Amino acid sequence: MTLQDSLKMSDQYRVPAIEVRQLHKTFGSNSVLKGVDFHVDVGQVVCVIGPSGSGKSTLLRCINRLEEPTSGEILIEGVDVCHPDTDLDSVRSRIGIVFQHFNLFPHMKVLRNLTVAQQKVRHRSRDEAVAIARSNLAKVGLAGKEDAYPSQLSGGQQQRVAIARALSMDPDMMLFDEATSALDPELVGEVLAVMRTLASDGMTMMVVTHEMNFASQVGDKVVFMDSGVVVEVGPPVDVLGNPQHERTQAFLSKVL
Ligand code: ADP
Ligand code: MG
């Protein structure tokens, strides 16, 4: 058995990084999540696919309580994020999130975008924060862009800065909500390449995406959601290659 195999085996006995049980979320009379069960194991890449409006973003946002779940349970590394005694800031600090729109601070240079939360939230010294920022910028292929303002960068570069910013907080897991959907087609590849590298480095990832090639090549598991429920879940070869449910088949026939 290789070291990697034995690490993978020991992972199976750990609590999942993310576990969602019977999650319901309603907005007024609009029932958006209708009993979602879902988990991401440590080191896994789970891709969430499904039509627009099926509740993917709401699910992702509930995970760190950007949205308040209506009922159900969400455990992050075994800790119930909805329990009144839970230190929400500490749970949140373990989760890096990258959205469709990069949400960089427009008035700050790239380097400052990467250091501000490290200093304020992680209480790192400026020197330490800068060193970590530089190493993460290099990791996303943007060494040398420290002094640029976000507006001077392409969308793909801005999104890579957003990933580097999230990584600079040392998250245990990364959530991506359609991180490439707002990009011009020629810029999508560079962001997906960074995400592939992260995955092969062993990062735990939940990736809401319309990129079916990414899902099939990088995902350990694909979750198909429709109308607030998980319709089908399994390895990409099954869910994408041989879907069992009519709704999955109908969705895939439109996007593949
Ligand atoms: P997806 O990401 O799969 O496209 P969303 O989770 O964004 O789906 O949205 C699912 C449904 O929830 C949509 O009908 C949307 O209008 C509704 N919704 C999402 N956020 C809110 C909100 N803050 N208030 C009211 N309705 C919302
Ligand atoms: Mg969405």
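**Notes on ligand 1 and the sheet**

1. Start at the ligand: a polar backbone atom of S54 sits 3.2 Å from an oxygen atom of ligand 1. Bear in mind as you look around that this is a predicted model. G53 does something similar, with a polar backbone atom 2.7 Å from an oxygen atom of the ligand. From S57 it is a polar side-chain atom that comes in, 2.9 Å from an oxygen atom of ligand 1. On its own the ligand has 560 Å² of accessible area, and the protein covers 59% of that.

2. Now widen the view to the residues around ligand 1: F27, N30, V32, P51, S52, G53, S54, G55, K56, S57, T58 and E67. By type, that shell splits into seven polar, three nonpolar and two charged residues.

3. Which elements each supply at least two residues of this shell? They are strand 2 (30-40) and helix 2 (56-63). Helix 2 gives the largest share, three residues.

4. Next, the sheet. It's an open one of six strands with mixed pairing, and the order reads 6-7-8-3-9-10. At the edges you'll find strand 6 (95-98) and strand 10 (229-234), each pairing on one side only. From one strand to the next, the twist averages 15°.

5. Have a look at strand 3 (residues 45-49) and strand 8 (residues 204-208) too: they run parallel, joined by four bridges. Within this pair, V46 stands opposite M206 of strand 8.

6. Finally, helix 7 (residues 185-200) packs on the sheet, where it touches strand 3, strand 7 (173-177) and strand 8. The direction of helix 7 makes about 145° with that of strand 8.

Note on methods. Residues numbered from 1 in each chain as written. Chains lettered and ligands numbered in written order. Predicted model: local features only at pLDDT ≥ 70, side-chain atom pairs only at ≥ 80, totals over all residues. Heavy atoms only, no water. Pairing = 2+ DSSP bridges. Axes fitted to C-alpha atoms, helices over the stretch in contact; angles between N-to-C directions. Contact = heavy atoms within 4.5 Å. Near = heavy atom within 4 Å. Polar contact = N/O pair within 3.5 Å; in protein donor to acceptor, adjacent residues only side chain to side chain. Areas by Shrake-Rupley, 256 points an atom, 1.4 Å probe, with all protein chains shown as cover. Nonpolar A, V, L, I, M, F, W, Y, C, P; charged D, E, K, R; others polar.
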